Amino acid sequence: MTFHQDATRAPSRRRALQLVGAAALAAVLAPRMSLATEAQVADEMKKLFGGKSMGEGKIKLDLPEIAENGLVVPINIDVESPMTDSDFVKSVHVFADGNPLPQVVTYQFTPQSGKAAASTRMRLAQTQNVIAVAEMSNGALYSAKAQVKVTIGGCGG
Amino acid sequence: MAIKSTPRVRVPAQAKAGEIIEIKTLISHDMESGQRKDSSGKTVPRDIIHTFQAAFNGKPFFTAEWFPSISANPYQSFFYKAKESGELTFTWTDDHGAEQKATAKLTVA
């Protein structure tokens with residue numbers, strides 16, 4: 001090993017250690033992650049629905065009261081509708097107000113769906129509210145909200 | 001590029017005309033949220049399946065837009081009102097534009 005090689009390596013190692021130190025410090029100082037808030041969900045809804053008023057009812061939002069594992073939380077949505085060509089559920093938007101991103105899923109239904117219902121599994125970072133908004137073919141909006149208590153957060157895995 | 005995993009789809013083989021059938025689908029995918037950090041503290045880039053679509057004889061009737069909040073190995077169940085015999089096509093599309101398709105025959109008695 002020549003002197004020259006040694007001289008060039010030493011500063012780079014020091015630099016690397018500094019970077020690691022800085023990253024560790026940043027990790028300690030910064031909150032673990034930025035989470036969405038109710039305000040963000042409200043913003044997102046305003047963007048999508050333009051602040052239109054929402055009715056209650058029509059949506060059956062099936063969620064566990066307590067989720068032991070936030071990584072896999074089952075969600076089942078069922079919107080009451082005849083699902084005919086003139087009267088059907090166009091879309092359903094699902095939001096979670098305590099996740100890093102407020103959106104969870106958006107469904108587009110058609111009269112051929114027969115039933116405006118769907119189930120999937122989602123991640124919840126912490127105890128929070130899950131909100132579903134259904135848009136009918138005539139433009140009417142309905143919303144439903146349920147709280148899920150999360151024991152182990154499903155935050156990014 | 002393609003999504004490597006083979007999706008699993010459950011469709012009733014037979015249905016009566018006008019019957020509303022339930023379709024269940026499952027595909028293996030990490031659904032990397034873009035929020036997670038690896039052991040060196042670097043953020044793992046987002047890589048998810050963002051769209052799932054179901055079509056009957058080429059005509060889409062159900063679409064799900066998934067966000068990073070959807071769990072790994074995404075499961076999706078939904079419904080279809082059977083009218084005639086035909087073929088159901090299911091398509092998953094990920095962030096790289098890669099697709100995975102599955103088909104199922106539906107016989108209406």
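The following exercises, each with a worked solution, concern side-chain interactions and backbone geometry in a predicted model.

**Exercise 1. Aromatic pairs across the chains**

Task: Determine how the rings of Tyr107(A) and Phe109(A) are arranged, and which chains the pair of Phe109(A) and Phe62(B) joins.

Solution:
1. A pair of aromatic rings is described by the distance of the centres and the angle of the planes.
2. For Tyr107(A) and Phe109(A), the centres are 6.0 Å apart and the planes meet at 45°. Planes under 30 degrees apart count as stacked and those over 60 as edge-to-face, so the remaining angles are tilted. The pair of Tyr107(A) and Phe109(A) is accordingly tilted, and both residues are buried.
3. Phe109(A) also pairs with Phe62(B), at 5.5 Å centre to centre and 55° between the planes, again a tilted arrangement. This pair runs from strand E5 (residues 103-109) of chain A to strand E5 (residues 59-66) of chain B. Phe109(A) and Phe62(B) are both buried.
4. The structure holds 13 aromatic pairs over all chains. Ring pairs link a cluster whose members include Tyr107(A), Phe109(A), Phe62(B), Trp66(B) and Trp92(B).

**Exercise 2. Charges over rings**

Task: Identify the rings over which the charged ends of Lys115(A) and Arg121(A) sit.

Solution:
1. The charged end of Lys115(A) lies over the ring of Phe79(B), at 4.3 Å from the ring centre.
2. For Arg121(A), the ring is that of Tyr75(B), with a distance of 4.6 Å to the centre.

**Exercise 3. The nonpolar cores**

Task: State which residues touch the most other members of the largest nonpolar core, and examine the surroundings of Leu106(B).

Solution:
1. The largest nonpolar core has 58 residues, and Phe62(B), Phe90(B) and Leu106(B) touch the most other members.
2. With neighbours within four places in sequence set aside, the contacts of Leu106(B) include Val11(B), Ile21(B), Phe56(B), Tyr80(B) and Leu88(B).
3. A second, separate core consists of seven residues, among them Met45(A), Phe49(A), Phe95(A) and Val133(A).

**Exercise 4. Salt bridges in two settings**

Task: Describe the sequence separation and exposure of the partners in the salt bridges Glu44(A)–Lys47(A) and Asp95(B)–Arg46(B).

Solution:
1. Side chains of opposite charge can pair when their charged atoms come close. The structure holds six salt bridges over all chains.
2. Glu44(A) and Lys47(A) form one of them, at 3.5 Å from N to O. The two residues are three places apart in helix H2 (residues 38-49) of chain A, which means a separation of about one helical turn. Glu44(A) is buried at 15% relative accessible area, whereas Lys47(A) is exposed at 68%.
3. Asp95(B) and Arg46(B) meet at 3.0 Å, N to O. Asp95(B) belongs to the loop between strands E7 and E8 of chain B, and Arg46(B) to the loop between strands E3 and E4, so the bridge ties together parts 49 residues apart in sequence. Asp95(B) is partly exposed at 29%, as is Arg46(B) at 39%.

**Exercise 5. Positive phi values**

Task: Locate Met83(A) and Met31(B), and decide whether each is buried or exposed.

Solution:
1. Most residues other than glycine have a negative phi.
2. Met83(A) has a positive phi near 55°. Its position is the loop between strand E3 (73-79) and strand E4 (89-96) of chain A. Met83(A) has 3% relative accessibility and therefore counts as buried.
3. Met31(B) has a positive phi of about 50° and lies in the loop between E3 and E4 of chain B. Met31(B) is buried, with a relative accessible area of 0%.

Conventions: Residues numbered from 1 in each chain as written. Chains lettered and ligands numbered in written order. Predicted model: local features only at pLDDT ≥ 70, side-chain atom pairs only at ≥ 80, totals over all residues. Heavy atoms only, no water. Phe/Tyr/Trp six-rings, centres within 6.5 Å; stacked < 30°, edge-to-face > 60°. Buried < 20%, exposed > 50% of the residue type's maximum accessible area, 1.4 Å probe, protein only. Helix = DSSP H or I, 4+ residues; strand = E, 2+ residues; numbered from the N terminus. Lys NZ or Arg CZ within 6 Å of the ring centre and 35° of its normal. Core = buried A, V, L, I, M, F, W, Y, C linked by side-chain atoms within 4.5 Å. Contact = heavy atoms within 4.5 Å. Salt bridge = Lys/Arg side-chain N within 4 Å of Asp/Glu carboxyl O.
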